[in-house]
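Hi,

Here is the structure I promised to pass on. Have a look at it first, and then read my notes underneath.

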Number of protein chains: 2
Amino acid sequence: MKPGCQTTTSNTLNARLATGGFRSTAQRQQVYEILQAQRDHPTAEEVFIRAKREMPDISMATVYNCLDALVKCHLIRLVNLDRGATRYCANMEDHAHFYCNLCGRFFDIEPQAVTLALPEGFQVTHTELSMRGSCPECGANHK
Amino acid sequence: MKPGCQTTTSNTLNARLATGGFRSTAQRQQVYEILQAQRDHPTAEEVFIRAKREMPDISMATVYNCLDALVKCHLIRLVNLDRGATRYCANMEDHAHFYCNLCGRFFDIEPQAVTLALPEGFQVTHTELSMRGSCPECGANHK
DNA sequence: TCAATAGTTGGAATAAGTCTAAAGAGTGGT
DNA sequence: ACCACTCTTTAGACTTATTCCAACTATTGA
């Protein structure tokens, strides 16, 4: 692990946690690093499995707790697709999600031109745009 | 109930059910009428409560079965918002959903100008756009 | 350093939805 | 009209994802 990079990451993390009124703990750092390291939108359970490799005593409740704290500090965000388990995403840029029905992978899509003409008086605080379909790889393989 | 109107509705319903390979049953008609009558995106449980008023013996499992059948026949659609219970919507026009954080009501929003520039090769089969915020009424009351 | 407070743990509890087996209802052939 | 066949409903058990709880542990400010 690059010490310089890690320090930067945990500085940001700790500062954000503190601002949100949360303490910095080893578990929260671990969970955040997992989401930073592999940006494949894992579920809470997948995060738990990965966290266990480094921290065998961590519990599921703690993983949920850490994820909640990170969401509240705007360090990660939730991704919901239909009724499946909630997924977590460390990409805080404005973006939409694309789920490939064939390979099951998630893709982040930049919304270059989304403009929605809302009727007057509606104030939007949160938008979620998600799509399903086939990704370029799977689409090509299917031909 | 207006007999003319009712006949039209149940004709469409029965035809669609038949096309989907489903039989027309009193329970399915009841559930469909509930969703037609009050377009407030009820949850399965809310549908169950409303159905019970007319049909006291109906069970929750039947409500789920009926909703499933109607979804498969493209007569209604699912609406998911975060982790809450699935909601059902009889508006089959292409539209987005707006949830008011203050009054908890759902609004259908016509997507007049949504264009998303997807990277090449992505084939979309299903899109879901949902928003949260405050509706005109609640926004006005808050001032 | 030490109390006060926040966080973690493992297991129990909950909510929403799905599955199953048995009983009930509708339909075509005789 | 009767029977067999199939589809549907029912009640309740089960599953999955998540939250709650009480006891223990770690972190922080004085």
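Below is what I found, starting with how to read the numbering.

This is a predicted model, in which local features need pLDDT of at least 70 and side-chain atom pairs count only at pLDDT 80 or more, while totals for chains, interfaces and linings use all residues. Residues are numbered from 1 along each chain as its sequence is written, chains are lettered from A and ligands numbered from 1 in the order in which they are written, and side-chain values use heavy atoms, with hydrogens and water left out.

Let's begin with chain A. Its secondary structure comes to 5 helices and 5 strands (DSSP runs numbered from the N terminus: H or I of at least four residues for helices, E of at least two for strands). From the N terminus on, the order is α-α-α-α-β-β-β-β-β-α. Of the 143 residues in chain A, 39% are buried (under 20% relative accessible area, with exposed meaning over 50% and partly exposed in between, using a 1.4 Å probe and protein chains only). The accessible surface of this chain is about 8,200 Å², and carbon and sulfur atoms hold 49% of that (Shrake-Rupley method with a 1.4 Å probe; for residues, only the protein chains shown count as cover). Take the contacts in chain A (heavy atoms within 4.5 Å) between residues at least 6 apart in sequence: 51% of them join residues at least 24 apart.

Next, the DNA. Which residues come nearest to DNA strand C? They are Thr25(A), Arg28(A), Thr62(A), Tyr64(B) and Thr86(B), out of 16 residues around the strand (a residue is near if one of its heavy atoms lies within 4 Å). Sugar and phosphate make up 80% of the atoms of DNA strand C that come within 4 Å of the protein. Three residues of chain A are worth a look here. Arg28(A) has a polar side-chain atom 2.8 Å from a phosphate oxygen of DNA strand C, and Asn65(A) has one 3.0 Å from a phosphate oxygen. With Asp57(A), a backbone N or O atom lies 3.3 Å from a phosphate oxygen of the strand. Two or more residues of the surface near DNA strand C come from each of α2 (26-37) and α4 (60-72) of chain A and α4 (60-72) of chain B. The most come from α4(A), with 3 residues.

Now for the aromatic rings. Over all chains there are 8 aromatic pairs (Phe, Tyr and Trp rings, the six-membered one for Trp, with centres within 6.5 Å; planes under 30 degrees apart are stacked, over 60 edge-to-face, the rest tilted). Phe98(A) and Phe107(A) have ring centres 6.4 Å apart and planes at 65 degrees, so they pair edge-to-face. Both Phe98(A) and Phe107(A) are buried. In chain B, Phe98(B) and Phe107(B) are also edge-to-face, with centres 6.3 Å apart and planes at 65 degrees. Phe98(A) and Phe107(A) form one aromatic cluster with Phe122(B).

Finally, two residues of chain B. Val79(B) sits in strand β1 (residues 77-79) and is buried, at 3% relative accessible area. Beyond four places in sequence, Val79(B) touches residues including His41(B), Cys89(B) and Phe106(B). Ile34(B), in helix α2 (residues 26-37), counts as buried at 9% relative accessibility. Outside its neighbours within four places, Ile34(B) is in contact with Val47(B), Arg50(B) and Ala51(B).

Cheers

Conventions. Polar contact = N/O pair within 3.5 Å; in protein donor to acceptor, adjacent residues only side chain to side chain.
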